[in-house]
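Work through the exercises below with the model open. Try each task before reading its solution.

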2 protein chains.
Amino acid sequence: MDSILVSLEEMHFVLRELADVERVLQTPNVESLADTELTDAILSQARHFAQLVLLPLDSVGDREGARWTPQGVTTAQGFREAFRLFVEADWNKLTMPVEYGGHGMPVLLSTAVREIFTAANKAFCMCADLTDSAVQALMLAANESLKSFYVPKLVSGEWSATMNLTEPHAGSDVGALRARAVACEDGTYRLFGQKIFISFGEHDLTDNIVHLVLARTAGAPEGSRGVSLFAVPKFLPEHSHRSSRNDVQCAGIEHKLGNHGSPTCTMVYGGEGQGAVGWMIGEENKGLQTMFVMMNEARFHVGMEAVALSERSYLQALAYARERVQGKAIDGSEEPVPIIRHPDVRRMLLSMRSQTEAMRALGYLIASAQDLTHHHPDPAVRDERERFLDLMIPVFKGWVTETAVEVTRTSIQIHGGLGYIDESGASQPLRDVLICPIYEGTTGIQANDLITRKIVRDDGAALRHWLAEVSQTLAELEIVRTLDDVGLRLREGIAAVQSVADWIIAEYRLHPLEVLAGAVPFLRMMGIVAGGWQMARAALAARRLLEAGTGHEGFLQAKLTSARFYAAHVLPQAPALATTVMHGGITTLDEAAI
Amino acid sequence: MDSILVSLEEMHFVLRELADVERVLQTPNVESLADTELTDAILSQARHFAQLVLLPLDSVGDREGARWTPQGVTTAQGFREAFRLFVEADWNKLTMPVEYGGHGMPVLLSTAVREIFTAANKAFCMCADLTDSAVQALMLAANESLKSFYVPKLVSGEWSATMNLTEPHAGSDVGALRARAVACEDGTYRLFGQKIFISFGEHDLTDNIVHLVLARTAGAPEGSRGVSLFAVPKFLPEHSHRSSRNDVQCAGIEHKLGNHGSPTCTMVYGGEGQGAVGWMIGEENKGLQTMFVMMNEARFHVGMEAVALSERSYLQALAYARERVQGKAIDGSEEPVPIIRHPDVRRMLLSMRSQTEAMRALGYLIASAQDLTHHHPDPAVRDERERFLDLMIPVFKGWVTETAVEVTRTSIQIHGGLGYIDESGASQPLRDVLICPIYEGTTGIQANDLITRKIVRDDGAALRHWLAEVSQTLAELEIVRTLDDVGLRLREGIAAVQSVADWIIAEYRLHPLEVLAGAVPFLRMMGIVAGGWQMARAALAARRLLEAGTGHEGFLQAKLTSARFYAAHVLPQAPALATTVMHGGITTLDEAAI
């Protein structure tokens with residue numbers, strides 16, 4: 001039996017049938033994971049750990065939050081012990097570099113594992129996830145000396161790391177930041193400035209915290225070209241002959257809508273006057289470039305957070321709908337029935353499920369593209385997957401995080417009055433997910449990136465390449481006559497994307513503002529169609545397995561239903577959004593209107 | 001200058017140009033309000049009071065909530081004093097009966113006033129709003145003795161009242177309730193049972209609380225036909241020779257997602273053994289009928305709560321977008337600009353505004369229909385407006401409460417990272433509004449009511465009548481050539497509604513479950529088109545005033561933009577939803593799927 005937390009059957013299906021796991025596991029870098037049985041074992045263990053250790057702390061974190069005093073931040077009860085167990089079980093080392101003691105797991109597999117952990121406790125996961133990103137930044141840009149000093153401790157889990165970008169006046173526009181780094185004779189720097197919204201900027205889970213901080217050196221160019229990256233540890237290395245505590249303080253934590261278990265810190269560098277000692281990572285003024293390499297991955301991870309919380313809230317709502325007895329069935333029974341028998345409750349559940357399946361399938365395909373881009377022996381495959389990746393990252397991040405808001409909110413609706421009560425736990429996924437369309441670049445920023453850098457810049461080449469891939473799926477659907485409804489709606493969606501993309505490319509040079517006013521509706525239609533494509537692929541795979549007589553029939557039949565539901569309930573929005581993109585932009589720009 | 005809380009200019013425009021205020025003010029029952037200048041004065045005073053007294057307490061209520069002890073419930077700091085001022089200024093008496101000291105104000109006008117108060121502090125308003133509903137129930141069904149005992153104290157604001165329907169196993173299915181009422185020889189009853197989710201079931205704002213309670217007498221029929229309504233005061237009348245405190249207790253209050261300032265109580269009747277003394281209101285076993293008469297009004301009020309919070313969050317987001325400087329404008333300036341200059345921020349703001357305008361316009365039109373239904377001298381007008389009312393109440397309640405979730409959430413998105421922080425106040429409207437699609441009948445229940453009782457039962461007669469009314473607006477649009485885009489999308493929307501309604505009427509008898517699986521998408525398209533109709537009417541009125549050279553040009557031009565925006569961004573969803581209703585139902589019913 002699958003548990004309430006995640007459906008491993010669904011994960012395995014997507015990995016095997018849609019996300020090319022076999023091909024990923026055959027790339028040369030993956031030595032220790034040569035078969036899918038091991039994959040199965042890892043996911044089962046991850047679920048076991050998530051259920052036993054992380055899930056019970058999710059509501060504790062939500063209720064207690066983290067506590068700040070001038071001396072530091074205390075995480076919610078149980079978080080310290082859970083983090084110790086997490087590290088002991090090596091779960092923090094999944095994708096960490098092998099040469100420093102990590103497991104070098106493919107992104108595809110680690111994505112599935114992280115989805116499980118995030119579904120159980122998103123706030124808890126952020127500490128390890130940020131550390132993972134920091135390790136990758138160090139591996140990418142730091143010199144050997146910095147790497148050998150920091151990376152082993154970060155891999156072992158003795159230390160954790162943070163990312164410090166945002167300042168009060170520099171949010172979406174990171175290049176506007178003002179934190180200063182003053183060069184010292186010994187090659188170190190002294191940092192001064194304030195950073196806000198720093199997740200796990202201060203906490204009690206590890207012995208030390210390494211802050212990766214964006215700041216400007218003296219005389220650096222204005223804007224994003226004058227930003228450098230620094231490593232600033234909370235406690236200085238002992239051999240430095242200075243006071244062990246660095247001049248960096250957490251000045252307070254935020255009270256937030258969700259993610260209560262994750263302290264969101266205001267960090268003050270150089271508040272005591274002497275400046276926080278830091279080491280430059282990579283070249284001067286190239287800090288944002290390093291960060292932008294990380295950014296694509298961070299955006300992908302945020303998207304997967306949204307998938308994880310969608311699945312969590314779907315399974316919560318499903319369990320409730322099976323259990324809650326209320327009202328009589330329309331088809332005649334006189335006894336009250338579980339609400340899952342009511343057509344509208346079924347509609348809500350299938351809307352949650354089919355969209356979550358579509359989002360996950362696209363997510364895993366993107367994860368697999370990351371592995372193949374980096375490690376496939378054939379450069380043509382690497383190139384092709386990289387183009388797909390660049391096109392799809394903003395679509396995925398924007399579309400799934402917006403859709404997850406709708407999905408998690410639907411769970412509250414299914415719970416009825418109880419959904420509004422904290423005790424039910426129904427609102428936490430919504431509250432936790434509402435940051436996802438904002439951090440690592442808002443939906444608007446994803447949509448601008450999609451239009452300007454992913455569509456207009458190459459005159460739609462990457463898009464056409466992707467549409468050709470989708471057309472292959474359409475061709476397969478035509479052969480299989482039983483999925484006509486899916487094919488019809490997908491074809492309409494594709495046509496809509498095609499015509500809008502042509503319009504965008506033609507109009508952008510003349511009327512960029514009008515085009516950008518439709519950027520988010522365009523991103524949404526891209527996501528909806530990309531999701532529909534995945535549902536079509538899933539339906540084709542399910543049909544193939546059913547014909548072959550292999551696999552779990554109930555599961556595969558439900559897949560077909562999901563695909564049909566998505567085709568009728570979600571895909572029709574794509575042509576409507578096409579109308580909005582092409583005709584709605586101009587109405588947005590009237591200066592007198594607002 | 002209009003303030004941050006509400007736009008009186010917008011309210012006046014809707015009252016005068018769209019909601020027939022002149023006709024309402026000419027009905028015979030309205031003596032004291034014979035001109036619209038008085039209307040203007042009342043709205044100005046209401047806004048003044050809301051801003052001075054209610055608004056500052058909104059975040060206090062959100063932060064502090066209410067506190068429960070076995071002795072009772074204490075509301076947030078300042079609520080008691082504010083309630084005293086509210087009553088002193090007669091704001092609680094707007095629609096109360098004139099013969100008992102109320103003002104007998106038309107629903108249309110009181111709707112606008114209540115919108116202002118709700119925008120300022122929804123939680124606070126619930127106490128007076130529930131009391132208002134209870135007075136109407138008493139006026140409708142209670143005998144003279146009960147009326148003369150309770151109504152004066154409720155009108156004066158010395159006492160308040162509650163509605164007690166829900167029990168743990170009887171939520172949407174009210175008829176499943178089990179509370180018992182035992183008849184006594186003196187004509188009173190003793191009540192036993194537990195009620196949950198009772199707003200202001202216990203509090204410190206008034207001297208006494210009158211609970212209107214649904215319960216079953218001995219031997220009453222099962223289900224909704226055996227439910228009677230009782231008045232159960234917290235403190236018994238002195239002449240009854242019993243202990244002054246009745247046997248009704250608040251056993252606790254809920255911790256909720258929003259509406260923290262409004263205590264949501266679990267009420268226990270007869271917990272001390274002797275039973276709570278109650279008086280039957282109206283006839284035995286006719287309690288639900290009385291409640292259902294109230295229900296239409298309650299549903300309307302919940303819809304208006306959603307409108308109020310949408311406006312509040314729009315104005316919050318607008319003010320923030322004008323003030324927050326971030327990023328450069330795409331059209332070339334080198335200096336950072338207020339984010340309102342960014343096309344996607346404008347899109348979000350106009351999406352909030354145009355939908356809120358559409359919702360309000362439909363709401364006021366429904367309010368005016370209530371007045372005309374009750375008081376117009378011509379029975380044909382009364383009949384016609386009643387048909388409109390019956391058709392539109394579920395559409396309005398379902399559509400605006402769902403749309404308000406999207407609108408209030410968009411405000412968080414416009415605020416960016418700050419929107420996720422409690423301090424910004426950006427999330428409170430969303431949290432407060434999320435109960436609106438649930439209480440007084442979920443969206444699913446509204447949609448079922450729409451399909452079964454409002455469309456199928458009369459074979460679409462009321463719907464056709466309404467569509468004919470919309471066609472007149474279309475005809476006017478055709479004459480005015482400058483609004484072609486609005487006419488085009490509205491025509492498509494109308495055609496979609498028409499074809500789906502025909503399909504529903506034909507299919508319902510054969511496949512009711514399939515039709516009901518599309519009930520909510522159908523309700524949404526009805527709402528979208530009804531809103532589009534209002535936007536078209538607003539655009540026609542604005543154009544007329546512009547041509548006549550009367551009115552505030554900037555405001556009227558913005559109205560035209562709102563209508564065009566709505567036509568391009570919202571109305572195209574209607575045909576997409578038509579596809580979903582007609583093709584999506586079947587995919588929902590597959591028993592094997594979930």
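How much area do chain A and chain B bury between them, and what share of it lies on carbon and sulfur atoms?

**Solution 1.** The model is a predicted one. Interface size is often given as the accessible area lost when the parts come together. Here chain A and chain B bury about 6,800 Å² between them. Carbon and sulfur atoms carry 62% of that area. Next, take the chain A side. R346(A), Y420(A) and I594(A) supply 13% of the area that chain A buries against chain B. That is more than any other three residues. Then count partners, with contact meaning heavy atoms within 4.5 Å. On chain A, 82 residues are in contact with 82 residues of chain B.

**Exercise 2.** Find the operation that lays chain A on chain B.

**Solution 2.** Start with the superposition. A turn of 180° with a shift of 0.0 Å along the axis lays chain A on chain B, at an RMSD of 0.0 Å. The two copies are therefore related as by a two-fold rotation axis. Now check the surfaces. Both copies use the same surface, since 100% of the contact residues of chain A recur in chain B.

**Exercise 3.** Classify the crossing of α9(B) and α12(B), then list the contact by class.

**Solution 3.** Helix α9 of chain B spans residues 379-415, and helix α12 of chain B spans residues 461-479. Their axes come within 10 Å and cross at roughly 105°. Angles of 65 to 115 degrees count as roughly perpendicular. So α9(B) is roughly perpendicular to α12(B). From α9(B), the contact uses E384(B), R385(B), R387(B), F388(B), L391(B) and M392(B). From α12(B) come A461(B), A462(B), L463(B), H465(B), W466(B) and E469(B). By class, this contact has seven nonpolar, one polar and four charged residues.

**Exercise 4.** Repeat the analysis for α8(B) and α16(B).

**Solution 4.** Helix α8 of chain B covers residues 343-375, and helix α16 of chain B covers residues 553-569. The axes come within 9 Å and cross at roughly 100°. That makes α8(B) roughly perpendicular to α16(B). The α8(B) side offers R347(B), L350(B), S351(B), R353(B), S354(B), Q355(B), E357(B) and A358(B). They meet A558(B), K559(B), S562(B), F565(B), Y566(B) and H569(B) in α16(B). The contact divides into five nonpolar, five polar and four charged residues.

**Exercise 5.** Describe residues 40-158 of chain A.

**Solution 5.** First, the record. An unreviewed UniProt entry lists this stretch of chain A as "domain: Acyl-CoA dehydrogenase/oxidase N-terminal". Next, the model. Residues 40-158 of chain A are 70% helix and 5% strand. The end C-alpha atoms of the stretch are 29 Å apart.

Terms used
Residues are numbered from 1 along each chain as its sequence is written. Chains are lettered from A and ligands numbered from 1 in the order in which they are written. This is a predicted model: local features need pLDDT of at least 70, side-chain atom pairs count only at pLDDT 80 or more; totals for chains, interfaces and linings use all residues. Side-chain values use heavy atoms; hydrogens and water are left out. UniProt positions are given in the numbering used here, feature names are shortened, and annotations may be inferred rather than shown by experiment. Helices (H or I, at least four residues) and strands (E, at least two) are DSSP runs, numbered from the N terminus. Copies are superposed by least squares on the C-alpha atoms of residues with pLDDT of at least 70 in both. Axes are lines fitted to C-alpha atoms, for helices over the stretch in contact, and angles run from 0 to 180 degrees between N-to-C directions. Angles under 35 degrees count as roughly parallel, over 145 as roughly antiparallel, 65 to 115 as roughly perpendicular and the rest as oblique. Ala, Val, Leu, Ile, Met, Phe, Trp, Tyr, Cys and Pro count as nonpolar, Asp, Glu, Lys and Arg as charged, and the others, Gly among them, as polar. Buried area is the accessible area (1.4 Å probe) that two parts lose on being put together, summed over both.
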